[in-house]
Amino acid sequence: MTAIEYDVVVIGAGPVGENVADRVVQGGLTAAIVERELVGGECSYWACMPTKALLRSASALRAARHLPGAREAVTGDLDAAAVLARRDSFASHWHDDGQVSWLESVGIALHRGHGRITSARVVEVTGVDGVATTLTARHAVVVATGSSALLPDLPGLRAAAPWSSREAASASSVPRRLAIIGGGVVAAEMATAFAALGSSVTMLARDGVLPSAEPFAGARVTDSLRDAGVSVRLGAEAVSVKRDNGGTVHLDTASGERIEADEVLVAVGRTPNTRDIGLDSIGLAPGAWLAVDDTMRVVGGGEWLYAAGDVNRRALLTHQGKYQARAVGDVIVARATGATVEDGRWGRHVATADERAVPQVVFTDPEIASVGLTAAAAEAAGLRIRVVDYDLGRVAGAALHADGYQGHARMVVDEDRKVIVGCTLVGPDVAELIHAATIAIVGEVPLDRLWHAVPAYPTVSEVWLRLLETYGR
Ligand SMILES: Cc1cc2nc3c(=O)[nH]c(=O)nc-3n(C[C@H](O)[C@H](O)[C@H](O)COP(=O)(O)OP(=O)(O)OC[C@H]3O[C@@H](n4cnc5c(N)ncnc54)[C@H](O)[C@@H]3O)c2cc1C
Ligand SMILES: NC(=O)c1ccc[n+]([C@@H]2O[C@H](COP(=O)([O-])OP(=O)(O)OC[C@H]3O[C@@H](n4cnc5c(N)ncnc54)[C@H](O)[C@@H]3O)[C@@H](O)[C@H]2O)c1
């Protein structure tokens with residue numbers, strides 16, 4: 001067995017692990033990263049990138065079809081094979097050479113294999129050949145092992161070889177009939193994608209469509225999925241699944257319905273990749289999400305152990321995990337070099353935005369772009385709020401953007417502080433608009449000052465002026 005020492009050892013080379021290691025090296029320390037699959041993680045090969053590539057062409061086609069002049073130039077249907085081929089290139093054909101070259105270029109050592117903590121600051125890496133290497137961290141071990149699709153304990157489900165988000169994101173052909181269990185983000189995006197690619201989609205949305213978003217967002221996505229031919233069964237719960245010898249999947253629901261499909265996608269949330277990373281060797285529970293303090297130090301894990309990204313459950317999003325990674329990398333360097341740790345609210349070494357300023361775009365039709373708290377979440381947090389709604393289609397820039405533009409904007413105002421604490425935009429191409437709201441929330445910009453942030457005419461951003469006018473001066 002080989003033994004090697006680094007300043008920092010990161011387990012997991014997803015977007016978060018890569019960014020932790022990068023910050024550590026930029027700070028002058030040495031770093032090793034351990035990866036058992038592909039460098040780049042879920043996001044690059046089975047999540048963000050391939051799924052957005054699956055969605056983008058249909059979105060561009062819809063946009064053209066909403067514009068006289070452009071509409072007439074569109075003479076054919078979506079080319080599913082071309083979409084899948086473009087998706088393949090965005091998933092780098094499931095090869096990580098590019099990301100490995102980047103690791104080399106910035107001086108991060110890569111150890112391929114399964115990483116397990118064996119004692120304080122020690123990580124054992126078992127390669128595919130079974131050979132073990134021991135890595136010792138002088139300063140810190142960072143767990144960035146991410147999460148995997150959760151498979152509910154449903155009779156017959158495992159034997160039916162269901163799709164998880166991985167199989168959906170990397171599908172090499174389009175199933176004629178696709179059943180989806182779940183109504184969250186993965187379910188809504190994949191229903192949108194596969195309906196556009198030609199599947200006949202049935203969605204069993206037990207808890208509704210996008211239930212944690214503002215209610216109008218889920219309602220609009222439900223309507224549009226139905227318009228696209230998706231059978232959205234609100235409240236429907238699968239109770240058993242069976243794949244017959246001919247390959248057809250049969251799903252029975254609690255209300256006695258039977259649904260047939262060629263594939264079934266299960267999209268009911270995530271489970272942390274902590275089952276087999278040696279947590280028991282340091283007195284922590286295997287299989288649990290890792291609770292962390294604001295500098296991402298694992299609660300009960302010793303001062304050398306950090307967890308960032310999906311695995312700490314603060315926000316299961318790439319951009320938010322990378323934000324944590326910047327804080328973690330920098331705080332490890334600060335603690336190692338004796339520099340001042342800035343761990344106050346909004347300090348350099350904490351991820352304060354995770355609390356109430358997390359942006360997310362759901363790439364459905366229409367897109368849902370949100371940041372901060374929904375009205376319901378703000379009320380649950382005890383804030384005295386005022387909700388301001390505006391019909392996005394009435395903004396001149398939106399009318400120009402597409403004929404019959406339909407959308408909705410909501411801002412949630414904290415009445416005691418007169419600042420925005422939440423914003424949700426629903427409509428075609430709203431994804432790029434949300435960052436203005438993120439800045440307003442993180443900057444805690446008073447509404448009085450926002451009146452001086454004048455949106456250009458005629459852009460969709462003019463909705464900001466309309467929301468302020470609706471609120472009143
Ligand atoms: C279908 C889908 C679509 C998504 N779309 C978006 C999106 O559009 N935008 C967005 O912001 N987020 C999106 N997400 C969420 C995003 O993918 C995750 O938040 C992100 O990948 C988390 O990054 P991470 O580095 O924490 O974990 P991961 O990306 O899961 O990476 C963890 C890495 O650790 C490795 N690993 C695990 N255990 C070990 C071990 N013991 N030893 C060695 N290596 C190990 C894994 O192989 C993996 O490479 C999506 C998720 C899904 C499922
Ligand atoms: N565009 C994006 O930003 C994007 C896209 C995809 C995924 N993601 C991330 O990936 C994570 C995982 O997505 P997801 O859709 O799997 O999870 P999710 O938490 O968004 O949705 C899961 C849904 O399944 C429902 N559910 C739970 N158990 C169920 C059961 N037994 N039967 C039926 N329904 C059940 C829940 O009520 C919930 O609505 C999300 O947290 C999200 O942050 C982000």
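Helices and strands are runs assigned by DSSP, a helix having at least four residues and a strand at least two, and both are numbered from the N terminus. In these terms, S147 belongs to strand β7, which comprises residues 147–149. The model described here is predicted. S147 is buried in this model, because 20 other C-beta atoms lie within 10 Å of its own, and a residue counts as buried when that number is 20 or more.

S147 also appears in the database record for this protein. An unreviewed UniProt entry carries the annotation "binding site" for K52, G115, T145, G146, S147 and D310. These positions extend over 259 residues of sequence and are spread in space as well, with up to 30.0 Å between their C-alpha atoms.

The domain assignment divides the protein chain into domain 1 (2–45 + 91–148 + 271–354), domain 2 (158–268) and domain 3 (366–471). The centres of domain 1 and domain 3, taken over C-alpha atoms, are 35 Å apart.

Ligand 1 is surrounded by 36 residues, of which G12, G14, G41, G146 and G309 are the closest. Two or more residues of this shell come from each of α1 (15–26), β2 (31–35), α2 (41–45), α3 (48–65), β4 (114–119), α6 (165–169) and α9 (318–337). By class, the shell around ligand 1 consists of 14 nonpolar, 16 polar and 6 charged residues. Because domain 1 and domain 2 both give residues to this shell, ligand 1 lies between them.

Around ligand 2 there are 23 residues, and those that come nearest are G184, V186, R206, D207 and V268. The elements giving two or more residues to this second shell are α7 (185–197) and β17 (359–362). Helix α7 gives the most, with 4 residues. In the shell around ligand 2, 13 residues are nonpolar, 5 are polar and 5 are charged.

Two open sheets may be described next. One has 4 strands in the order β10-β9-β8-β14, and their pairing is parallel. Strands β10 (231–234) and β14 (263–266) stand at the edges of this sheet with a single partner strand each, so one side of each is left without a neighbour in the sheet. On average, neighbouring strands here are turned by 15° against each other, direction ignored. Within the sheet, β9 (residues 200–205) and β10 are joined in the parallel sense by 4 bridges. L204 has R233 of β10 as its bridge partner.

The other open sheet has 3 strands in the order β11-β12-β13, with antiparallel pairing. Its edge strands, β11 (238–243) and β13 (258–261), each pair on one side only. The average turn between neighbouring strands of this sheet is 20°, again with direction ignored. Strand β12 (residues 249–253) runs antiparallel to β13, and 4 bridges join the two. One pairing brings together D252 and its bridge partner in β13, R258.

Further along the chain, residues 358–464 are covered by the annotation "domain: Pyridine nucleotide-disulphide oxidoreductase dimerisation" in the unreviewed UniProt entry. Over these residues the chain is 25% helix and 31% strand, and the C-alpha atoms at the two ends are 19 Å apart.

Strand β21 (residues 419–427) is mostly covered, as 8 of its 9 residues are buried. Strand β18 (residues 367–372) runs antiparallel to β21 and is joined to it by 6 bridges. I368 is paired in this way with V426 of β21. Strand β20 (residues 408–414) also pairs with β21 in the antiparallel sense, over 7 bridges. Here the bridge partner of V412 in β21 is G422. Strands β20 and β21 form a hairpin with 4 residues between them, and K418 in the turn has a positive phi of about 55°.

Residue A375 is located in helix α11 (residues 375–380). A375 is buried, because 20 other C-beta atoms lie within 10 Å. The C-alpha atoms of A375 and V266 are separated by 29 Å, the two residues being 109 residues apart along the chain.

Terms used. Residues numbered from 1 in each chain as written. Chains lettered and ligands numbered in written order. Predicted model: local features only at pLDDT ≥ 70, side-chain atom pairs only at ≥ 80, totals over all residues. Near = placed C-beta within 6 Å. Nonpolar A, V, L, I, M, F, W, Y, C, P; charged D, E, K, R; others polar. Domains from an automatic or database assignment. Buried ≥ 20, exposed ≤ 12 C-beta atoms within 10 Å, placed from the backbone. Pairing = 2+ DSSP bridges. UniProt positions renumbered as here; feature names shortened; annotations may be inferred. Axes fitted to C-alpha atoms, helices over the stretch in contact; angles between N-to-C directions.
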